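Student: Could you take me through one part of this model up close, and then show me how the rest of the chain fits around that picture? I'd like to start with a single sheet.

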Amino acid sequence: MYVHVFPTLVRNAMLPAIMLLLFLFAVSILKAQSTYYIDTVFHLPYKGEWKHPTVNPSSNKLYITHGNQVSIVNKNTGDSLGIIPNTPGVKSVALAPKYGKGYTTNSQSNSVTVFDLKSDRYVKDIPVGLSPAWIIYDVFSSKIVVSNQKEGSISVIDPRLDKVEATLPLGGNRVTGMVSDGNGNLYVHLADKREVVWVNMSTYEVEMHWNLGTGKSPAGMAIDTKYKRLFSVCNKLLIILDITTSKIVDSLEIGENPDGIVFDPINKLLFIANGNGSLSVISQLAPNDYSLVQNIPTKKGSNSIAFDETTSALYLPGADQYTPTKNAVKQVTPSATRWVPSSFQVMVLEKSGDRTTEKLP
(Lines give C-alpha, C1' and ligand atoms only; values in the text may rest on other atoms or scores of the structure.)
Protein backbone atom coordinates (compact mmCIF):
# COMPACT_ATOMS: atom_id res chain seq x y z
CA MET A 1 0.00 0.00 0.00
CA TYR A 2 1.37 3.45 -0.96
CA VAL A 3 1.23 6.06 1.84
CA HIS A 4 1.76 9.79 1.24
CA VAL A 5 4.12 10.30 4.18
CA PHE A 6 6.60 12.72 2.64
CA PRO A 7 4.10 15.48 1.74
CA THR A 8 2.66 15.30 5.24
CA LEU A 9 6.11 15.66 6.79
CA VAL A 10 6.88 18.62 4.55
CA ARG A 11 3.64 20.36 5.49
CA ASN A 12 4.28 19.81 9.21
CA ALA A 13 7.84 21.10 8.88
CA MET A 14 6.72 24.23 7.05
CA LEU A 15 3.84 25.05 9.42
CA PRO A 16 5.94 27.00 11.98
CA ALA A 17 7.54 29.05 9.18
CA ILE A 18 4.15 29.79 7.65
CA MET A 19 2.77 30.86 11.05
CA LEU A 20 5.78 33.12 11.57
CA LEU A 21 5.30 34.75 8.18
CA LEU A 22 1.61 35.31 8.88
CA PHE A 23 2.47 36.86 12.25
CA LEU A 24 5.08 39.18 10.72
CA PHE A 25 2.62 40.12 7.98
CA ALA A 26 -0.06 40.93 10.56
CA VAL A 27 2.42 43.04 12.56
CA SER A 28 3.47 44.95 9.44
CA ILE A 29 -0.18 45.68 8.60
CA LEU A 30 -0.82 46.80 12.19
CA LYS A 31 2.14 49.18 12.10
CA ALA A 32 1.10 50.57 8.73
CA GLN A 33 -2.43 51.19 9.98
CA SER A 34 -1.22 52.79 13.21
CA THR A 35 1.25 55.32 11.78
CA TYR A 36 0.70 58.94 12.82
CA TYR A 37 2.64 61.99 11.72
CA ILE A 38 2.66 65.74 12.35
CA ASP A 39 0.53 67.05 9.48
CA THR A 40 0.16 70.71 10.44
CA VAL A 41 1.53 73.14 13.02
CA PHE A 42 -0.57 76.10 14.13
CA HIS A 43 1.77 78.94 15.19
CA LEU A 44 -0.21 81.06 17.65
CA PRO A 45 0.64 84.36 19.40
CA TYR A 46 0.02 83.12 22.93
CA LYS A 47 2.00 83.40 26.14
CA GLY A 48 1.92 81.62 29.47
CA GLU A 49 1.87 77.99 30.49
CA TRP A 50 -0.55 75.77 28.61
CA LYS A 51 -2.45 72.80 29.92
CA HIS A 52 -5.19 70.55 28.51
CA PRO A 53 -6.72 71.34 25.09
CA THR A 54 -10.26 70.27 24.25
CA VAL A 55 -11.94 69.58 20.90
CA ASN A 56 -15.62 70.12 20.28
CA PRO A 57 -16.41 67.17 17.97
CA SER A 58 -19.70 68.72 16.84
CA SER A 59 -18.12 72.01 15.72
CA ASN A 60 -14.83 73.36 14.36
CA LYS A 61 -13.68 74.67 17.75
CA LEU A 62 -10.48 73.79 19.57
CA TYR A 63 -10.16 75.19 23.10
CA ILE A 64 -6.60 75.92 24.25
CA THR A 65 -6.01 76.64 27.94
CA HIS A 66 -3.02 78.87 28.66
CA GLY A 67 -2.13 81.56 31.17
CA ASN A 68 -5.30 83.25 32.35
CA GLN A 69 -7.55 82.68 29.37
CA VAL A 70 -8.94 80.05 27.02
CA SER A 71 -8.23 80.72 23.36
CA ILE A 72 -10.58 79.28 20.77
CA VAL A 73 -9.22 78.43 17.33
CA ASN A 74 -10.53 76.73 14.22
CA LYS A 75 -9.39 73.11 14.58
CA ASN A 76 -8.86 72.86 10.80
CA THR A 77 -7.01 76.09 10.08
CA GLY A 78 -5.76 77.44 13.41
CA ASP A 79 -7.57 80.76 12.85
CA SER A 80 -8.68 82.59 15.98
CA LEU A 81 -12.37 82.30 16.87
CA GLY A 82 -12.30 84.20 20.15
CA ILE A 83 -11.29 83.91 23.80
CA ILE A 84 -12.78 83.19 27.21
CA PRO A 85 -11.00 85.72 29.47
CA ASN A 86 -10.55 85.97 33.23
CA THR A 87 -9.84 82.30 33.91
CA PRO A 88 -6.82 82.60 36.25
CA GLY A 89 -4.50 79.61 35.99
CA VAL A 90 -6.93 77.76 33.72
CA LYS A 91 -6.23 74.03 33.40
CA SER A 92 -9.03 72.19 31.57
CA VAL A 93 -12.29 72.57 29.69
CA ALA A 94 -15.34 70.29 29.76
CA LEU A 95 -18.29 70.49 27.38
CA ALA A 96 -21.90 69.73 28.30
CA PRO A 97 -23.72 69.76 24.92
CA LYS A 98 -26.98 68.69 26.55
CA TYR A 99 -27.08 72.04 28.35
CA GLY A 100 -25.27 74.09 25.69
CA LYS A 101 -22.53 75.05 28.15
CA GLY A 102 -18.80 74.74 28.66
CA TYR A 103 -16.82 74.76 31.93
CA THR A 104 -13.22 75.71 32.77
CA THR A 105 -11.17 74.97 35.90
CA ASN A 106 -9.35 78.03 37.24
CA SER A 107 -6.62 76.85 39.61
CA GLN A 108 -5.65 80.30 40.91
CA SER A 109 -9.14 81.50 41.79
CA ASN A 110 -10.47 78.10 42.98
CA SER A 111 -13.41 78.44 40.64
CA VAL A 112 -15.10 77.06 37.54
CA THR A 113 -16.12 79.43 34.77
CA VAL A 114 -19.33 78.67 32.86
CA PHE A 115 -19.61 79.80 29.24
CA ASP A 116 -22.16 79.45 26.43
CA LEU A 117 -21.12 76.88 23.80
CA LYS A 118 -22.60 78.78 20.84
CA SER A 119 -21.40 82.30 21.61
CA ASP A 120 -18.53 81.37 23.98
CA ARG A 121 -19.72 84.20 26.23
CA TYR A 122 -19.16 84.20 29.97
CA VAL A 123 -22.12 83.04 32.07
CA LYS A 124 -20.90 82.86 35.69
CA ASP A 125 -18.23 81.60 38.07
CA ILE A 126 -18.78 78.73 40.52
CA PRO A 127 -16.61 78.43 43.67
CA VAL A 128 -15.12 74.93 44.11
CA GLY A 129 -12.21 73.40 46.09
CA LEU A 130 -8.51 74.19 46.19
CA SER A 131 -6.66 74.31 42.88
CA PRO A 132 -9.21 72.70 40.55
CA ALA A 133 -7.49 70.99 37.62
CA TRP A 134 -9.21 68.18 35.71
CA ILE A 135 -12.86 68.46 34.73
CA ILE A 136 -15.23 66.13 32.87
CA TYR A 137 -18.89 65.87 31.91
CA ASP A 138 -20.36 62.59 33.19
CA VAL A 139 -23.00 61.43 30.74
CA PHE A 140 -24.58 58.98 33.21
CA SER A 141 -25.38 61.54 35.90
CA SER A 142 -25.48 64.57 33.57
CA LYS A 143 -23.14 66.30 36.03
CA ILE A 144 -19.85 68.17 35.78
CA VAL A 145 -17.10 66.66 37.95
CA VAL A 146 -14.06 68.67 39.08
CA SER A 147 -10.87 67.37 40.69
CA ASN A 148 -9.70 69.71 43.46
CA GLN A 149 -6.04 68.86 43.13
CA LYS A 150 -4.72 70.27 46.42
CA GLU A 151 -7.74 69.43 48.53
CA GLY A 152 -8.04 65.69 47.96
CA SER A 153 -11.65 65.97 46.85
CA ILE A 154 -13.94 66.22 43.85
CA SER A 155 -16.78 68.69 43.33
CA VAL A 156 -19.98 67.66 41.54
CA ILE A 157 -21.76 70.49 39.72
CA ASP A 158 -25.37 70.39 38.58
CA PRO A 159 -25.36 72.12 35.14
CA ARG A 160 -29.07 72.85 35.35
CA LEU A 161 -28.46 75.24 38.24
CA ASP A 162 -24.68 75.70 37.87
CA LYS A 163 -24.18 75.03 41.58
CA VAL A 164 -22.02 72.57 43.47
CA GLU A 165 -24.26 69.68 44.43
CA ALA A 166 -21.71 67.71 46.46
CA THR A 167 -18.06 67.73 47.51
CA LEU A 168 -16.58 64.28 48.04
CA PRO A 169 -13.33 63.74 50.02
CA LEU A 170 -11.32 60.86 48.57
CA GLY A 171 -8.96 60.11 51.45
CA GLY A 172 -5.84 61.70 50.00
CA ASN A 173 -4.17 65.04 49.42
CA ARG A 174 -3.54 65.25 45.66
CA VAL A 175 -6.19 64.47 43.06
CA THR A 176 -5.21 64.33 39.40
CA GLY A 177 -6.82 62.63 36.38
CA MET A 178 -10.25 61.04 36.25
CA VAL A 179 -12.57 59.29 33.81
CA SER A 180 -16.15 58.00 33.74
CA ASP A 181 -17.37 54.74 32.23
CA GLY A 182 -20.71 56.35 31.32
CA ASN A 183 -22.50 53.76 33.42
CA GLY A 184 -22.42 55.30 36.88
CA ASN A 185 -18.78 54.70 37.79
CA LEU A 186 -16.11 57.37 38.15
CA TYR A 187 -12.40 56.59 38.49
CA VAL A 188 -10.03 59.16 40.01
CA HIS A 189 -6.28 59.25 40.61
CA LEU A 190 -4.96 59.93 44.11
CA ALA A 191 -1.40 60.82 43.21
CA ASP A 192 -0.04 61.07 46.76
CA LYS A 193 -1.17 57.51 47.53
CA ARG A 194 -0.56 56.08 44.03
CA GLU A 195 -4.13 54.84 43.89
CA VAL A 196 -7.24 54.76 41.74
CA VAL A 197 -10.43 55.63 43.62
CA TRP A 198 -13.71 54.14 42.39
CA VAL A 199 -16.65 56.50 43.03
CA ASN A 200 -20.30 55.52 42.65
CA MET A 201 -22.02 58.38 40.80
CA SER A 202 -25.47 57.20 41.89
CA THR A 203 -24.75 57.37 45.62
CA TYR A 204 -21.72 59.72 45.65
CA GLU A 205 -19.85 57.18 47.74
CA VAL A 206 -16.32 55.85 47.45
CA GLU A 207 -16.53 52.14 46.64
CA MET A 208 -12.88 51.06 46.59
CA HIS A 209 -9.23 52.15 46.46
CA TRP A 210 -6.95 50.30 44.01
CA ASN A 211 -3.17 50.33 44.31
CA LEU A 212 -1.14 51.12 41.17
CA GLY A 213 1.76 48.87 42.09
CA THR A 214 5.02 50.29 40.73
CA GLY A 215 3.26 53.25 39.11
CA LYS A 216 4.42 56.61 40.45
CA SER A 217 2.95 60.12 40.07
CA PRO A 218 -0.29 59.08 38.32
CA ALA A 219 -1.68 61.82 36.10
CA GLY A 220 -3.98 61.34 33.10
CA MET A 221 -6.46 58.50 32.76
CA ALA A 222 -8.48 56.87 29.96
CA ILE A 223 -10.88 53.95 29.73
CA ASP A 224 -11.97 51.22 27.33
CA THR A 225 -15.63 50.79 28.24
CA LYS A 226 -16.12 47.74 25.99
CA TYR A 227 -13.41 45.59 27.56
CA LYS A 228 -13.49 47.42 30.93
CA ARG A 229 -9.83 48.34 30.98
CA LEU A 230 -8.53 51.41 32.81
CA PHE A 231 -5.37 53.13 31.55
CA SER A 232 -3.38 55.01 34.22
CA VAL A 233 -0.54 57.25 33.11
CA CYS A 234 2.32 57.22 35.60
CA ASN A 235 5.85 58.59 35.28
CA LYS A 236 7.62 56.47 32.63
CA LEU A 237 4.95 53.79 32.94
CA LEU A 238 1.47 53.01 31.65
CA ILE A 239 -0.57 50.78 33.98
CA ILE A 240 -3.53 48.81 32.60
CA LEU A 241 -6.16 47.59 35.08
CA ASP A 242 -9.10 45.26 34.65
CA ILE A 243 -11.86 47.14 36.47
CA THR A 244 -13.95 43.97 36.87
CA THR A 245 -11.21 42.40 39.02
CA SER A 246 -9.19 45.51 40.06
CA LYS A 247 -6.07 43.63 38.89
CA ILE A 248 -3.16 45.05 36.89
CA VAL A 249 -3.08 43.08 33.62
CA ASP A 250 -0.22 44.80 31.78
CA SER A 251 2.23 47.70 31.94
CA LEU A 252 4.44 49.43 29.38
CA GLU A 253 7.35 51.84 29.55
CA ILE A 254 6.60 55.33 28.23
CA GLY A 255 8.34 58.72 28.39
CA GLU A 256 9.12 61.01 31.31
CA ASN A 257 6.61 63.42 32.84
CA PRO A 258 3.53 62.20 30.93
CA ASP A 259 0.15 63.76 31.60
CA GLY A 260 -2.45 63.58 28.83
CA ILE A 261 -3.81 60.32 27.43
CA VAL A 262 -6.58 59.48 24.97
CA PHE A 263 -7.97 56.16 23.76
CA ASP A 264 -9.29 55.63 20.25
CA PRO A 265 -11.77 52.72 20.59
CA ILE A 266 -12.25 52.35 16.83
CA ASN A 267 -8.59 51.88 15.93
CA LYS A 268 -7.70 50.40 19.35
CA LEU A 269 -4.92 52.91 19.95
CA LEU A 270 -3.67 54.77 23.01
CA PHE A 271 -1.87 58.10 22.75
CA ILE A 272 0.22 59.39 25.66
CA ALA A 273 1.83 62.84 25.62
CA ASN A 274 5.20 62.78 27.40
CA GLY A 275 6.95 65.85 28.79
CA ASN A 276 10.31 64.66 27.47
CA GLY A 277 9.14 65.55 23.97
CA SER A 278 7.52 62.42 22.63
CA LEU A 279 4.10 60.97 21.89
CA SER A 280 3.76 57.26 22.71
CA VAL A 281 1.38 55.38 20.40
CA ILE A 282 0.30 52.04 21.87
CA SER A 283 -1.78 49.38 20.14
CA GLN A 284 -4.34 47.27 21.98
CA LEU A 285 -3.71 43.80 20.52
CA ALA A 286 -6.06 42.14 23.01
CA PRO A 287 -7.73 43.28 26.25
CA ASN A 288 -4.64 42.22 28.23
CA ASP A 289 -1.98 42.66 25.53
CA TYR A 290 -0.50 46.02 24.45
CA SER A 291 2.41 46.99 22.25
CA LEU A 292 4.30 50.22 21.63
CA VAL A 293 3.90 51.12 17.94
CA GLN A 294 5.50 54.56 17.71
CA ASN A 295 7.37 57.19 19.68
CA ILE A 296 6.75 60.40 17.75
CA PRO A 297 9.06 63.37 18.50
CA THR A 298 7.11 66.43 19.64
CA LYS A 299 8.27 69.33 21.85
CA LYS A 300 9.80 69.15 25.29
CA GLY A 301 7.05 69.98 27.76
CA SER A 302 4.24 68.95 25.38
CA ASN A 303 2.54 66.56 27.77
CA SER A 304 -1.13 67.36 27.10
CA ILE A 305 -3.31 66.17 24.24
CA ALA A 306 -6.79 66.34 22.69
CA PHE A 307 -8.44 63.83 20.36
CA ASP A 308 -11.08 64.60 17.73
CA GLU A 309 -13.32 61.53 17.60
CA THR A 310 -14.87 62.62 14.30
CA THR A 311 -11.56 62.83 12.36
CA SER A 312 -9.09 60.90 14.58
CA ALA A 313 -6.84 63.98 14.60
CA LEU A 314 -4.64 64.72 17.63
CA TYR A 315 -3.75 68.16 19.01
CA LEU A 316 -0.67 68.82 21.18
CA PRO A 317 0.20 72.34 22.38
CA GLY A 318 3.85 73.22 22.93
CA ALA A 319 6.65 75.72 22.38
CA ASP A 320 10.35 75.89 21.64
CA GLN A 321 12.69 75.94 24.62
CA TYR A 322 16.13 77.31 25.29
CA THR A 323 18.57 76.77 28.15
CA PRO A 324 20.08 80.00 29.54
CA THR A 325 23.87 80.19 29.76
CA LYS A 326 25.77 80.77 33.00
CA ASN A 327 26.02 84.45 32.15
CA ALA A 328 22.26 84.81 31.81
CA VAL A 329 20.04 86.55 34.31
CA LYS A 330 21.16 85.71 37.86
CA GLN A 331 17.74 84.50 38.92
CA VAL A 332 17.80 81.81 36.22
CA THR A 333 19.85 78.73 37.04
CA PRO A 334 22.05 77.20 34.28
CA SER A 335 19.86 74.09 34.13
CA ALA A 336 16.54 75.94 33.89
CA THR A 337 14.63 75.93 30.62
CA ARG A 338 12.40 78.68 29.31
CA TRP A 339 9.98 79.08 26.43
CA VAL A 340 11.28 80.92 23.39
CA PRO A 341 9.13 84.07 22.87
CA SER A 342 6.51 83.85 20.11
CA SER A 343 7.08 80.11 19.62
CA PHE A 344 3.75 78.80 20.96
CA GLN A 345 2.22 76.23 18.65
CA VAL A 346 -0.29 73.43 18.36
CA MET A 347 0.92 70.30 16.58
CA VAL A 348 -1.82 68.54 14.60
CA LEU A 349 -1.21 64.85 14.03
CA GLU A 350 -3.06 62.82 11.43
CA LYS A 351 -3.24 59.10 10.76
CA SER A 352 -1.76 57.78 7.54
CA GLY A 353 -3.07 54.78 5.62
CA ASP A 354 -6.26 52.85 6.11
CA ARG A 355 -8.04 53.58 9.40
CA THR A 356 -9.76 50.22 9.55
CA THR A 357 -8.33 47.70 11.99
CA GLU A 358 -9.07 44.13 12.93
CA LYS A 359 -11.57 43.89 15.76
CA LEU A 360 -10.54 42.26 19.00
CA PRO A 361 -12.02 38.87 19.84
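Tutor: Let's start with the open sheet whose 4 strands come in the order 2-3-4-5, with antiparallel pairing. Strands here are DSSP runs of E with at least two residues, helices are runs of H or I with at least four, and both are numbered from the N terminus. Two strands pair if DSSP finds at least two bridges between them. At the edges of this sheet sit strand 2 (54-55) and strand 5 (80-84), each pairing on one side only. Strand 5 runs antiparallel to strand 4 (residues 69-74), and 4 bridges join them. If you want one spot to click on, try V70: its bridge partner in strand 5 is I84.

A quick word on what you're looking at: this is a predicted model, in which local features need pLDDT of at least 70 and side-chain atom pairs count only at pLDDT 80 or more, while totals for chains, interfaces and linings use all residues. Residues are numbered from 1 along each chain as its sequence is written, and side-chain values use heavy atoms, with hydrogens and water left out.

Now for another sheet. Strands 10-11-12-13, in that order, make an open sheet of 4 strands with antiparallel pairing. Strand 10 (132-138) and strand 13 (163-169) each have a single partner strand, so one side of each has no neighbour in the sheet. From one strand to the next, the twist averages 20° (axes are lines fitted to C-alpha atoms, for helices over the stretch in contact, and angles run from 0 to 180 degrees between N-to-C directions). Strand 12 (residues 153-158) pairs with strand 13 in the antiparallel sense over 6 bridges. There, D158 stands opposite K163 of strand 13.

On to the rings. Phe, Tyr and Trp rings (for Trp, the six-membered one) pair if their centres lie within 6.5 Å; planes under 30 degrees apart are stacked, over 60 edge-to-face, and the rest tilted. The structure holds 10 aromatic pairs. One of them is the tilted pair W198 and W210, 5.9 Å centre to centre with 40° between the planes. W198 belongs to strand 16 (residues 195-200) and W210 to strand 17 (residues 205-211), so their pairing ties together parts 12 residues apart in sequence. W198 is partly exposed at 22% relative accessible area, whereas W210 is buried at 4%. Buried means under 20%, exposed over 50%, and partly exposed in between, with a 1.4 Å probe and protein chains only.

Next, F231 and Y290 meet edge-to-face, 5.8 Å centre to centre and 75° between the planes. F231 is in strand 19 (residues 229-234) and Y290 in strand 25 (residues 289-297), so this pair ties together parts 59 residues apart in sequence. F231 is buried at 0% relative accessibility, and Y290 is buried too, at 6%. Ring pairs also link Y46, W50, W339 and F344 into a cluster.

Stepping back, the chain has 1 helix and 30 strands. Buried residues make up 52% of its 361 residues. As for confidence, the mean pLDDT (the predictor's confidence in each residue, from 0 to 100) is 88, and 84% of residues reach 70 or more. Over residues 18-33, pLDDT is below 50, and this stretch has 9 contacts beyond near neighbours in sequence; a contact means heavy atoms within 4.5 Å. Residues 354-361 also stay under 50, with 16 contacts beyond four places in sequence.
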